[in-house]
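User: Please take a close look at one part of this model, namely how its helices and strands are arranged. I would like a single connected account.

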Amino acid sequence: MVEYSFLLDELKRILKEKQLKFTRQRELVLKALYHNEGHFSPEEIHRLIQAESPELKVGIATVYRTLALLEEEGLAESISFGKAGKRYEIGMKKHHDHLICIQCGKIIEFVDEVIEERQEAVGERFEFTITDHTMKILGICKECRESMNTQEHS
């Protein structure tokens with residue numbers, strides 16, 4: 001994974017380029033994503049920031065705007081959950097795909113070389129140069145299946 005100092009320097013460079021101010025609030029959004037493993041809604045990121053820095057006023061609108069900027073610039077990535085919104089993770093991580101539980105929302109990251117090779121083969125078959133891809137596989141996680149089975153037998 002990329003160093004936090006590199007991401008922070010990138011954020012400062014991007015803000016300067018866009019003639020926007022570097023603020024502690026914007027930095028806290030980046031920091032919350034970097035230092036907490038997982039995939040977070042803007043509201044969850046807001047709560048993480050509030051818990052970590054209660055003395056600072058960071059509005060939810062600032063979190064949304066900063067996440068949009070980070071995603072636009074490749075410093076954050078998101079997975080869309082349709083009407084339920086997006087969940088964010090730090091960008092610039094090694095490529096991975098996602099298994100998403102439709103019951104509890106749990107997200108499992110995975111890398112599978114066979115899937116990667118098949119995608120390249122499909123691209124070649126259609127004379128299509130793949131520059132990037134996102135894979136999310138929806139289903140039900142082991143814990144939810146076990147919970148459902150327990151409820152059925154009760």
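Analyst: The following account treats a helix pair, then a sheet, and finally one residue of a further helix. The model is a predicted one.

Two packed helices are described by the angle between their axes and the distance between the axes. For helix 3 (residues 42-52) and helix 4 (residues 60-72), the axes come within 9 Å and cross at roughly 120 degrees. The crossing of helix 3 past helix 4 is right-handed. On the side of helix 3, the contact involves Pro 42, Glu 43, Ile 45, His 46 and Ile 49, which meet Ile 60, Val 63, Tyr 64 and Leu 67 of helix 4. Sorted by class, this contact comprises 7 nonpolar residues, 1 polar residue and 1 charged residue.

The sheet is open and consists of 3 strands in the order 4-3-5, with mixed pairing. Strand 4 (107-110) and strand 5 (136-139) occupy the edges; each has a single partner strand, so one side of each lacks a neighbour in the sheet. On average, and ignoring direction, neighbouring strands are turned by 20 degrees against each other. Strand 3 (residues 97-101) and strand 5 run parallel and are joined by 4 bridges. Within this part of the sheet, Cys 101 stands opposite Gly 139 of strand 5.

Helix 5 (residues 113-125) contains Glu 116. Glu 116 counts as buried because its relative accessibility is 17%, where buried means under 20%. Leaving aside residues up to four places away in sequence, Glu 116 touches His 95, Asp 97 and His 133. Of these contacts, Asp 97 belongs to strand 3, which spans residues 97-101.

Technical notes:
Residues numbered from 1 in each chain as written. Predicted model: local features only at pLDDT ≥ 70, side-chain atom pairs only at ≥ 80, totals over all residues. Heavy atoms only, no water. Axes fitted to C-alpha atoms, helices over the stretch in contact; angles between N-to-C directions. Helix = DSSP H or I, 4+ residues; strand = E, 2+ residues; numbered from the N terminus. Left-handed = near helix turned anticlockwise from the far one by under 90°. Contact = heavy atoms within 4.5 Å. Nonpolar A, V, L, I, M, F, W, Y, C, P; charged D, E, K, R; others polar. Buried < 20%, exposed > 50% of the residue type's maximum accessible area, 1.4 Å probe, protein only. Pairing = 2+ DSSP bridges.
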